[in-house]
Amino acid sequence: MNSFGHLYVLTVAGALLLTGCNLAHGKPGQDSETVAPNEITDFATLYAQNCAGCHGPEGRGGAAMALADPVYLAIADDDAVQKATAGGIRGTAMPGFAQSAGGMLTDKQIDVIANGIRSRWGKPGILEGSNPPSYFAKSVGSAAQGALVFKTYCGSCHGPDGRGGTRGSAVTNDVFLTLVSDQSLRTVVITGRPELGAPDWRGNVPGKPMSEQEITDVVAWLVSQRAADARPTNSTSNYAQR
Ligand code: HEC
Ligand code: HEC
C-alpha cells in the first residue's frame, strides 16, 4: 500500500512538472491535452488514478473490497461513500482524498467519484424485498453471542475460532484486526467479498440469512479478539472492547 502511495505522489509530481515546463516555455494554455490534476473531472480517470490501486480496476476489488458491488452500494448510502472517500478511515490504509483531509482532490472531484461509483456500479432496487440489514449497527453487540454466531455462520470457511480454514483465511489474528475498522468488518459481514467467493449475509448458511442482531454480535466478537493496544482509533462505541 505504501508503494502505491509513492506511485501516486510521483504521478502527481510528474504532472506538475509537465505543467511547469509548459509555462517555462511561455506557452500557457496552448497544450489543451494537459489538464491540471485538480481540473480532472472524468470519473474513469479519477478512479483509475486514485482508487484502482487498492479497490481494483473497474472497482472489481483488490487488496481492498470491490466497490463495483451493487449489494454494497444498496447498503451504504451516498453519505457513507462520500465520507469515506473525502475523509478516509483513520487507523486503516484508506486515505482521505479531500484537501481538508490532507488529500489532493477538490470537493468537486470527490463528488464526481462518489456519484460515479453509484451511477456506474449501483443497481437501485436490487435488495427490494430482502429486508437488508442496516449499514451501521443499531444496537450494542454481544461478543459472547457473537462467538456462537461465528460458529454457525462463519466457521465452515474460516475455522471454528476464525484461525483460518480451507475455504477462508484467518480473521481473528492481530495482523488482520489491527488494520481493519469495526465498520469495515460489519461491511464485509453484510456484503461478503463477492469477487473472492465470500458470501453476503444471506449466503453463509443457505436459506438462513443472518439477522441484524447476529451481524452486530459477530462483529462484536471479532472486535473482542483484537489486542487491546492494537485497535484503529476510529473504533465505534457499538462494539464493546475487551
Ligand atoms: C491505499 C489503499 C486504498 C486506496 C488508494 C483507496 N482505498 Fe478505499 N479503502 C481502503 C481500505 C483498506 C478500506 C477499508 C478500511 C477500513 O478498515 O475501514 C477502504 C474503504 C473504503 C470505503 C468504505 C467501505 C465501507 O466499509 O463502507 C470506501 C467507500 C472507499 N474505500 C472508497 C475509496 C475511493 C472512492 C477511493 C479513491 C478515491 C479509495 N477508496 C482509495 C483502501 C484504499
Ligand atoms: C463460504 C465460505 C465463507 C463463509 C461462510 C464466510 N466467509 Fe468470510 N470470507 C470468505 C472468503 C473466500 C474470503 C476472502 C478471502 C479470504 O480472506 O479468505 C472471506 C473474507 C472475509 C473477511 C476478510 C475480508 C477482507 O477484507 O480481507 C472477513 C472479516 C470475513 N470473511 C468474515 C466472515 C464472517 C464474520 C463470516 C460469518 C458471518 C464469514 N466471513 C463467512 C469465505 C467465507
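What follows walks through the fold, the two ligand shells, two helix pairs and a handful of loop residues. The model is a predicted one.

Starting with the overall layout, the protein chain holds eleven helices and zero strands. Read from the N terminus, the elements simply go α-α-α-α-α-α-α-α-α-α-α. Of the 242 residues in the protein chain, 29% are buried. As for how the chain folds back on itself, 64% of the contacts between residues at least 6 apart in sequence join residues at least 24 apart.

Ligand 1 comes next. Its shell counts 26 residues, with Cys51, Cys54, Ser181, Ser184 and Thr187 nearest to the ligand. Three helices put in at least two residues each, namely H3 (52–55), H5 (78–87) and H10. Of these contributions, the one from H5 is the largest share, at four residues. Sorted by class, the shell around ligand 1 comes out at 17 nonpolar and nine polar residues, with no charged ones.

Ligand 2 has 20 residues around it, and the closest are Cys154, Cys157, Gly168, Ser169 and Ala198. Here the helices giving at least two residues each are H8 (155–158) and H10 (182–191). H10 therefore turns up in both shells, with at least two residues in the one around ligand 1 and at least two in the one around ligand 2. The class split for ligand 2 is twelve nonpolar, six polar and two charged residues, whereas the shell of ligand 1 has no charged residues.Two helix pairs come up next. H10 also packs against H11 (residues 212–224), with axes that come within 10 Å and cross at roughly 135 degrees. That angle makes the pair oblique, and the crossing is right-handed. On the H10 side the contact is made by Asp182, Leu185, Arg186, Val189 and Ile190, which meet Ile215, Val218, Val219, Leu222 and Val223 of H11. By class, the residues of this contact are eight nonpolar and two charged, with no polar ones.

The other pair is H5 and H6, whose axes lie 10 Å apart at an angle of about 135 degrees. H5 is oblique to H6 at that angle, and the crossing of H5 with H6 is right-handed. From H5, the residues Asp78, Val81, Gln82, Thr85 and Ala86 meet Ile110, Ile113, Ala114, Ile117 and Arg118 from H6. This contact divides into six nonpolar, two polar and two charged residues.

Several individual residues sit in loops. The loop between H6 (107–121) and H7 (143–153) contains Lys138, and Ile126 is found in the loop between H6 and H7 too, as is Asn131. Lys138 has 12 other C-beta atoms within 10 Å, so Lys138 is exposed. Along the chain, Lys138 and Glu212 are 74 residues apart, yet their C-alpha atoms are 8.2 Å apart in space.

Ile126 counts as exposed because it has 12 C-beta neighbours inside 10 Å. Beyond its neighbours within four places in sequence, Ile126 is in contact with Pro70, Val71 and Ala74. The C-alpha atoms of Ile126 and Leu73 are separated by 9.6 Å, with their positions 53 residues apart along the chain. Helix H4 spans 70–75.

Asn131 is exposed as well, because 10 other C-beta atoms lie within 10 Å. Its backbone deserves a mention: phi is positive, at about 45 degrees, although Asn131 is not a glycine. Most residues other than glycine have a negative phi.

Glu58 also has a positive phi, of about 55 degrees, and is not a glycine either. Glu58 is placed in the loop between H3 and H4. With 15 C-beta neighbours inside 10 Å, Glu58 counts as partly exposed. The C-alpha atoms of Glu58 and Ile117 are separated by 9.6 Å, for residues 59 apart along the chain. Ile117 itself is one of the H6 residues in the contact with H5.

Conventions. Residues numbered from 1 in each chain as written. Chains lettered and ligands numbered in written order. Predicted model: local features only at pLDDT ≥ 70, side-chain atom pairs only at ≥ 80, totals over all residues. Near = placed C-beta within 6 Å. Nonpolar A, V, L, I, M, F, W, Y, C, P; charged D, E, K, R; others polar. Buried ≥ 20, exposed ≤ 12 C-beta atoms within 10 Å, placed from the backbone. Contact = placed C-beta atoms within 7 Å. Axes fitted to C-alpha atoms, helices over the stretch in contact; angles between N-to-C directions. Parallel < 35°, antiparallel > 145°, perpendicular 65-115°, else oblique. Left-handed = near helix turned anticlockwise from the far one by under 90°.
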